[in-house]
Amino acid sequence: MTLSGSAKLAGVIGWPISQSLSPRLHGFWLAEHGIDGAYLPLAIRPEDFSTSLDGLFRAGFTGFNVTVPHKEAAFALAARHDKAARLIGAVNLLLMKDGVLEGRNTDAYGLAATLTQELGPDFLKGKTAAIWGAGGTTRAAITALAGLGVAEIRLFNRTPEKATALARAFSGKIAPKLTAAGYDAWSGKDVSLIVHTTSAGMKETPSLDLPLGDLAEGAAVFDAVYNPLETGLLRRARTEGLKPVDGLWMLLHQAVPSFEAFFGATPKVTPALRAHLLKALTNG
Ligand SMILES: NC(=O)c1ccc[n+]([C@@H]2O[C@H](COP(=O)([O-])OP(=O)(O)OC[C@H]3O[C@@H](n4cnc5c(N)ncnc54)[C@H](OP(=O)(O)O)[C@@H]3O)[C@@H](O)[C@H]2O)c1
């Protein structure tokens, strides 16, 4: 669509940014809704983040998604935060609201919407979930699972100290019981959902190979990694009769609140959108 002089502008800031699927995702919705607007990839170095942001807002941009390595810097710059950003300690959506820089985090929403779509709204209520990993995505996963009503979250990480520190950081802030351990303590007993949040399994790297045999009846496995779409972990889950849920759903759903905030329309996560993104993933 041709842009007018009053087109709404937004974008994603990262360094590097060429790998980002967000411009294709938002571009699909802009075309679908016939919106006079654009969503641009913005490659900005960490040392230029604050000044560039200021300049871009002055130039009339509505807001930005923020990705690696700027999520913590965005959190520090924002004067106001939504609840998810406060819990997660990182921001992936920056908006200027009445002259105040507001930081939000949509990753927990994206995971919660994915799990609700794929498993049903009550699947996790009162259940035990395990999270593998203790990084940025783990924080979003803890927030999402707490919001979905799980009774207990068990963290497992290669470096157990990081899992312990994360459990301590969330202590008293969420309702579910939260424990932390290393992979040597892994057991799937009573676990209804595994949420994998490490970078193992990306591209051609091997997935974590912890046993899946003793999970609760009807359990599911979510992998945040979406390239490849079916990771080694998800393949194993499928062959063991568990419900596999891929990370592409989370990527699609986490973009919904951002699009809404930038362009004022509520987009839908549809099979056509997923096919569009899958084509981009396959063709690079
Ligand atoms: N689907 C989505 O929408 C979405 C959104 C966000 C992120 N992601 C994906 O989630 C993954 C994690 O991202 P992140 O930003 O949270 O990363 P991060 O903060 O850097 O955390 C990395 C985690 O991975 C662990 N790890 C790395 N390599 C490992 C290996 N070979 N074996 C075992 N553990 C390993 C680290 O363990 P140690 O603590 O022991 O180092 C740590 O727990 C990435 O693949 C990213 O693409 C997907």
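Buried residues make up 52% of the 284 residues in the protein chain of this predicted model. Display the whole chain before selecting anything. Its secondary structure comes to 11 helices and 12 strands. The radius of gyration is 19 Å, close to the 19 Å that the globule rule gives for 284 residues, so the chain is as compact as a globular protein of that length. Along its principal axes, the C-alpha trace spans about 60 × 40 × 35 Å. The chain exposes about 12,900 Å², and carbon and sulfur atoms supply 54% of that area. Among contacts with a separation of 6 or more, residues 24 or more positions apart account for 70%.

**Stop 1: residues 12-93**

Select residues 12-93. An unreviewed UniProt entry places here the feature "domain: Shikimate dehydrogenase substrate binding N-terminal". Over this stretch the chain is 43% helix and 21% strand. Now mark the two end C-alpha atoms of the stretch, which are 9 Å apart.

**Stop 2: K71**

Select K71, which the unreviewed UniProt entry lists under "active site". This residue lies in helix α3, which covers residues 71-77. Is K71 buried or exposed, or something in between? With a relative accessible area of 22%, K71 counts as partly exposed, because the buried class is kept for values under 20%. Next, show the residues around K71. Leaving out residues up to four places away in sequence, K71 touches V66, A90, V91, N92 and D107.

**Stop 3: the listed binding-site residues**

Select S20, L21, S22, T67, N92, D107, Y226 and Q254, which the unreviewed UniProt entry lists under "binding site". N92 and D107 are among these residues, and both are also touched by K71.

Begin with S20, in the loop between β1 (8-14) and α1. S20 is buried, with a relative accessible area of 18%. Move on to S22, which lies in helix α1. S22 is buried as well, with a relative accessible area of 13%. Which residues does S22 contact, leaving aside its neighbours within four places in sequence? They are V12 and Y39.

**Stop 4: aromatic rings**

Display the side chains of the aromatic residues; the structure holds eight aromatic pairs. Select W29 and F259. Their ring centres are 5.4 Å apart and their planes stand at 65 degrees, so the pair is edge-to-face. The pair links distant parts of the chain: W29 belongs to helix α1 (residues 22-33) and F259 to helix α10 (residues 256-263), 230 residues apart. Both W29 and F259 are buried.

For a second pair, select W132 and W186. Here the ring centres are 5.2 Å apart and the planes are at 90 degrees, so this pair is edge-to-face. It too links distant parts of the chain, 54 residues apart: W132 is in strand β7 (residues 128-132), and W186 is in the loop between β9 (177-182) and β10 (191-196). W132 is buried, as is W186.

Return to W29 and add Y39, F259, F262 and F263 to the selection. Together these five residues form one aromatic cluster. Y39 has already appeared on this tour, as a contact of S22.

**Stop 5: charges over rings**

Select K127 and F123. The charged end of K127 sits over the ring of F123, 4.9 Å from its centre. Then select R274 and W249. R274 lies over the face of W249, at 4.1 Å from the ring centre.

**Stop 6: V221**

Finally, select V221, whose place is in strand β11 (residues 220-223). How large is the relative accessible area of V221? The value is 0%, and V221 is buried. Its contacts, leaving aside neighbours within four places in sequence, are L193, I194, L215, L233, L234, A237, L242, K243, P244 and V245. Add S192 to the view and compare two separations. In sequence, V221 and S192 are 29 residues apart. In space, the distance between V221 and S192 is 8.5 Å, C-alpha to C-alpha.

How values were computed
Residues are numbered from 1 along each chain as its sequence is written. This is a predicted model: local features need pLDDT of at least 70, side-chain atom pairs count only at pLDDT 80 or more; totals for chains, interfaces and linings use all residues. Side-chain values use heavy atoms; hydrogens and water are left out. UniProt positions are given in the numbering used here, feature names are shortened, and annotations may be inferred rather than shown by experiment. Helices (H or I, at least four residues) and strands (E, at least two) are DSSP runs, numbered from the N terminus. Buried means under 20% relative accessible area, exposed over 50%, partly exposed in between (1.4 Å probe, protein chains only). Contact means heavy atoms within 4.5 Å. Rings of Phe, Tyr and Trp (its six-membered ring) pair if their centres lie within 6.5 Å; planes under 30 degrees apart count as stacked, over 60 as edge-to-face and the rest as tilted. A charge sits over a ring if NZ of Lys or CZ of Arg is within 6 Å of the ring centre and within 35 degrees of the ring normal. The radius of gyration is taken over C-alpha atoms; the globule rule is 2.2 Å times the number of residues to the power 0.38. Accessible areas come from the Shrake-Rupley method with a 1.4 Å probe; for residues, only the protein chains shown count as cover.
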